[in-house]
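Me: I have a model open and would like to test the labels people attach to it. Could you walk me through the reasoning behind them?

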Amino acid sequence: MNPPVIGVLALQGDVREHLIALAAADAVARPVRRPEELAEVDGLVIPGGESTTISKLAVLFGVMEPLRARVRDGMPVYGTCAGMIMLADKILDPRSGQETIGGIDMIVRRNAFGRQNESFEAAVQFKGVEGDPVEGVFIRAPWVESVGAEAEVLAEHDGHIVAVRQGNALATSFHPELTGDHRVHGLFVDMVRANRAPESL
């Protein structure tokens, strides 16, 4: 089977690091900015950055509605930090004009772990990732206040939910792409492969 083609939404944020991590997890990784590029990928990563800026640029570049449609149709998607906020059905404290893609029945609090100078790293027990805990890099990170019945909590830190999966949508508060540990990206690549499998028979 050919390796899955996975895009990284390249409007703002740490795009390069995700491209490297996906390639290390045996995917073909491409930046995505426009609807025609989105149409060519099997899955998509929404990187960290500033969620309000990503939201506004997604509308400006014409990818917000196509993205929502593909997520509704079951395209695998993975959001880190700001990407987690973008995948939330509801933001507790949205900025004016801020939109989300949705896809995970969760309520997210922006910048919940503090400002930039309060960033930290912590070992996180991550359900579905074998071996040692995942090293989480938390930078102005959100946390999940609550999840709906269909969303599965994969990880918590200090009593707060920091990783969630619902169907083909995965989200983490932290940045695994910054650590050199590609197991979370490997989990997502496996999700994309599984989603492609029926089409490959």
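Reply: Gladly, and keep in mind that this is a predicted model. A good place to start is R110, which counts as buried at 9% relative accessibility.

Me: Why is R110 called buried?

Reply: The label applies under 20% relative accessible area. R110 has a relative accessibility of 9%, so it counts as buried. As for its place, R110 is in the loop between β6 (104-109) and β7 (120-124). Not counting residues up to four places away in sequence, R110 touches E50, S51, T52, I85, I91, D93, P94, R95, Q98 and P142.

Me: And why does G49 get the label partly exposed?

Reply: Partly exposed covers what lies between the 20% and 50% cut-offs. The relative accessible area of G49 is 38%, so partly exposed is the right term. G49 sits in the loop between β3 (43-46) and α3 (51-60). With residues up to four places away in sequence set aside, its contacts are Q12, G13, I54 and A82.

Me: What makes the residues annotated as "binding site" a cluster in space?

Reply: That annotation comes from an unreviewed UniProt entry and covers G49, E50, S51, R110, I139 and R140. They are spread over 92 residues of sequence, yet the largest C-alpha distance is 12.9 Å. The lining of the largest pocket takes in G49, E50, S51, R110, I139 and R140 from this set.

Me: What can you tell me about the largest pocket?

Reply: Its volume is about 160 Å³. The lining has 14 residues, with G49, E50, C81, I139 and R140 nearest the centre of the pocket. By kind, the lining residues divide into five nonpolar, six polar and three charged.

Me: How do you know that the buried residues of α3 are on the same side?

Reply: The buried residues in α3 are S51, T52, I54, S55 and A58. Because they cover an arc of only 165° around the axis, they lie on the same side of α3. These buried residues pack against β1 (5-9), α4 (64-72) and α5 (82-87).

Me: One more, please: why does L187 count as buried?

Reply: Buried means under 20%, and L187 has 16% relative accessibility, so L187 meets the criterion. L187 is found in helix α6 (residues 183-200). Leaving aside neighbours within four places in sequence, L187 is in contact with F126, G128, V129 and L170. The C-alpha atoms of L187 and A25 are separated by 8.8 Å, although these positions lie 162 residues apart along the chain.

Definitions and conventions. Residues are numbered from 1 along each chain as its sequence is written. This is a predicted model: local features need pLDDT of at least 70, side-chain atom pairs count only at pLDDT 80 or more; totals for chains, interfaces and linings use all residues. Side-chain values use heavy atoms; hydrogens and water are left out. On a 1 Å grid over the protein atoms alone, a cavity is a set of points where a 1.4 Å probe fits but cannot get out, and a pocket is an open set with protein on both sides within 12 Å along at least five of seven lines; lining residues have an atom within 4 Å of a point. Grid points are joined across faces, edges and corners, and a volume is the space filled by probe spheres set on the points. Ala, Val, Leu, Ile, Met, Phe, Trp, Tyr, Cys and Pro count as nonpolar, Asp, Glu, Lys and Arg as charged, and the others, Gly among them, as polar. UniProt positions are given in the numbering used here, feature names are shortened, and annotations may be inferred rather than shown by experiment. Helices (H or I, at least four residues) and strands (E, at least two) are DSSP runs, numbered from the N terminus. Buried means under 20% relative accessible area, exposed over 50%, partly exposed in between (1.4 Å probe, protein chains only). Contact means heavy atoms within 4.5 Å. The arc is that of the directions from the helix axis to the C-beta atoms.
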